[in-house]
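Trainee: Could we go through this structure together? I would like to know what stands behind each label we put on it.

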Amino acid sequence: MAVLAALSFGGTAAQAQTLEGALSRAYQGNPNLNAQRAQVRATDEQVPQALSGYRPTISATVDAGFQRDRTKGTQSGSILDPTAPGGVGQVGAKYNLIENSYPRGAGVTVEQNVFNGFQTKNSVRRAESNILGARETLRNSEQNILFDAAQAYMDVLRDYAILEVRKNNVQVLEEELRAARERFQVGEVTRTDTAQAEAALQGARSEVSASEAQLNTSRATYRQVVGEDIARPRAAKSIDRLLPKSLSQAIGLSQAQHPAILAALHGVDAANLDIRVVEGNLLPSLNLQASFQRRYEPGSSINRTTSGSVVGQLTIPIYEGGTVYSQARQAKETAGQRRLEADVSRDQVRQAVVSAWGQVEATTAQIKSAQAQIEASQTALNGVREEAKVGQRTTLDVLNAQQDLLNARQSLITAQRDRVVATYALLSSVGWLTAERLGLQVARYDPNVHYDQVRDKWIGLRTPDGR
């Protein structure tokens, strides 16, 4: 069912925009959504950071310097002395011995952790849970952006329709005023009738100005969400075929697959793993260290030395001041908080489903009532006009009937807009408001691509996109 299809906005089909097109543009270009995607890519880096605990650390050192040794003393025997005449020192003679050297060297150290209380293993699992949670948060953000885009589009569509209805009302009232003046000239009505028609016309023109202002506001909101200006919107298509068949089914689906709930559950997993990471500090750790070093002129009579070693070090924590114990208790309380937050998310999602379902039913009834009201108001207006021609009704009666018809048409437009927005809200509350489910013709964003690119990277400063 096309929504607001009975309204003509003018313009050509090439100038018209569709709701599906607006959703596609928002999916691709909304800055808030792209920022959330960047956040997920940043979270992906937690896994290679955690995996670094399995990898060795390698460091190299290079040093060079100058060393001067000066020795002063008294000769106790006949020795060769380069400072004495002939190089021979006499007993009791004083001497001053200076030696210059240039010690330098280089070395490499490799350290590999063998066991650290399962901290690396649990850190990797925690990072993976954080990534899964970030992806669900992204999926929820996508739903929110798509819903905002649908709502902004329908607001523009509604405001265009109301503007056209009010402009048409101005034309009708102008004709009513012309007829009232003609009848006044022939004495069929009084000056009061023409004044009433004039007042109604000026009020209708004021409403047109208000509608134009509201339309401009809605267009600005649309640009903010979608990222570009909107031309004449086309009638929106119904998505009733995508909705759950019953309220109980909608609630069950939402509790099982809504991204807000899934993100909260991944947060619980990450918090539980954080407890294990902290408690790992209380377990022994084993490290292997291999080093190789070569030095030149380390001493006055040594030209070069070479050394190498392989050392295994076992560290057993005994007491660290109570920090780790406090951190473990803190992590347990945080895990409890995450579980409570997951329960809150379940309740919020359930409330959103029930509310959206109720809105869909209410707006469906409002559309039927507005359609009946329009039909009745049109019949009443026609009758009042005929009666006014024979003097049985006043101009005010005609104006009131015209206003009733206008109000009914505006109510129908608003109800149709509200129903479309309610269906998108219901789809979002279930967790189905996605580009795939809506069949949007866009390139899907796949978070697995970046994750696979960085997960096993050992080195490199550039991101996969070259930055």
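Mentor: Gladly. Let's start with what counts as a helix: a DSSP run of H or I with at least four residues, numbered from the N terminus. Thr-395 lies in one of these, helix H9. Keep in mind that this is a predicted model.

Trainee: Why is Thr-395 called buried or exposed?

Mentor: Buried means under 20% relative accessible area. Thr-395 has 8% relative accessibility, so Thr-395 counts as buried.

Trainee: Which residues does Thr-395 contact, once neighbours within four places in sequence are left aside?

Mentor: Thr-395 is in contact with Val-189, Asp-193, Gln-196 and Ala-197. Leu-177 is 218 residues away along the chain, yet the C-alpha atoms of Thr-395 and Leu-177 are separated by 9.3 Å.

Trainee: How do you know that the span of H9 agrees with its number of residues?

Mentor: The expected span is 1.5 Å times one less than the number of residues. H9 has 36 residues and should therefore span 52 Å, and its end C-alpha atoms are 53 Å apart, which agrees. Just after H9 comes Gly-431, with a positive phi of about 100°.

Trainee: What about H4, how far does it reach from its first C-alpha to its last?

Mentor: H4 reaches 97 Å with its 67 residues, close to the 99 Å expected at 1.5 Å a residue. Gly-187 follows H4, and its phi is positive too, near 85°.

Trainee: What makes the positive phi of Phe-118 worth a remark?

Mentor: Most residues other than glycine have a negative phi. Phe-118 is a residue other than glycine, and its phi is positive, near 65°. You will find Phe-118 in the loop between strand S7 (104-115) and H4.

Trainee: And why is Phe-118 called partly exposed?

Mentor: The partly exposed class runs between the 20% and 50% cut-offs. Phe-118 has 46% relative accessibility, so it belongs there. Arg-104, in strand S7, has 34%, so Arg-104 also counts as partly exposed.

Trainee: Which residues does Arg-104 touch, not counting those up to four places away in sequence?

Mentor: Arg-104 touches Asp-63, Ala-64, Arg-294, Arg-295, Tyr-296 and Glu-297. Arg-304 is 200 residues away in sequence, with 9.5 Å between its C-alpha and that of Arg-104.

Trainee: Back to H9: how do you know whether Ala-415 and Ile-413 are buried or exposed?

Mentor: Both are found in helix H9. Ala-415 has 3% relative accessibility, so Ala-415 counts as buried. Ile-413 has a relative accessible area of 3%, and therefore Ile-413 is buried as well.

Trainee: What lies around these two residues in space?

Mentor: Beyond four places in sequence, Ala-415 is in contact with Thr-363, Gln-366 and Ile-367. Lys-368 is 47 residues from Ala-415 in sequence and 9.3 Å from it in space, C-alpha to C-alpha. For Ile-413 and Arg-158, the C-alpha separation is 6.3 Å across 255 residues of sequence.

Trainee: What makes a set of residues a nonpolar core?

Mentor: Its members are buried nonpolar residues, Tyr and Cys among them, joined through side-chain atoms within 4.5 Å. The largest nonpolar core has 60 residues, and Leu-23, Tyr-153, Tyr-222, Tyr-424, Leu-426, Leu-427 and Leu-438 touch the most other members. Helices supplying at least two residues each include H1 (19-29), H5 (191-226) and H8 (323-389). The largest share, 18 residues, comes from H4. Apart from this core lies another of 12 residues, among them Ala-370, Val-384, Val-398 and Leu-405.

Trainee: Which residues does Tyr-153 contact beyond four places in sequence?

Mentor: Tyr-222 is one of them, and others include Gln-17, Leu-19, Ile-230 and Arg-234.

Trainee: Which residues are closest to the centre of the second largest pocket?

Mentor: Of its 19 lining residues, these are Ala-352, Ser-355, Ala-356, Ala-425 and Ser-429. The volume of this pocket is about 280 Å³. H8 gives the most to the lining, with 9 residues.

Trainee: Finally, where should I read the model with caution?

Mentor: The chain has a mean pLDDT of 89, and 92% of its residues reach 70 or more. Over residues 84-88, however, the pLDDT is below 50. Residues 5-15 also stay under 50, and there the model has 15 contacts beyond four places in sequence.

Definitions and conventions. Residues numbered from 1 in each chain as written. Predicted model: local features only at pLDDT ≥ 70, side-chain atom pairs only at ≥ 80, totals over all residues. Heavy atoms only, no water. pLDDT = per-residue confidence, 0-100. Contact = heavy atoms within 4.5 Å. Buried < 20%, exposed > 50% of the residue type's maximum accessible area, 1.4 Å probe, protein only. 1 Å grid on protein atoms, 1.4 Å probe; cavity = no way out; pocket = protein on both sides within 12 Å on 5 of 7 lines; lining within 4 Å. Points joined across faces, edges and corners; volume = space filled by probe spheres on them.
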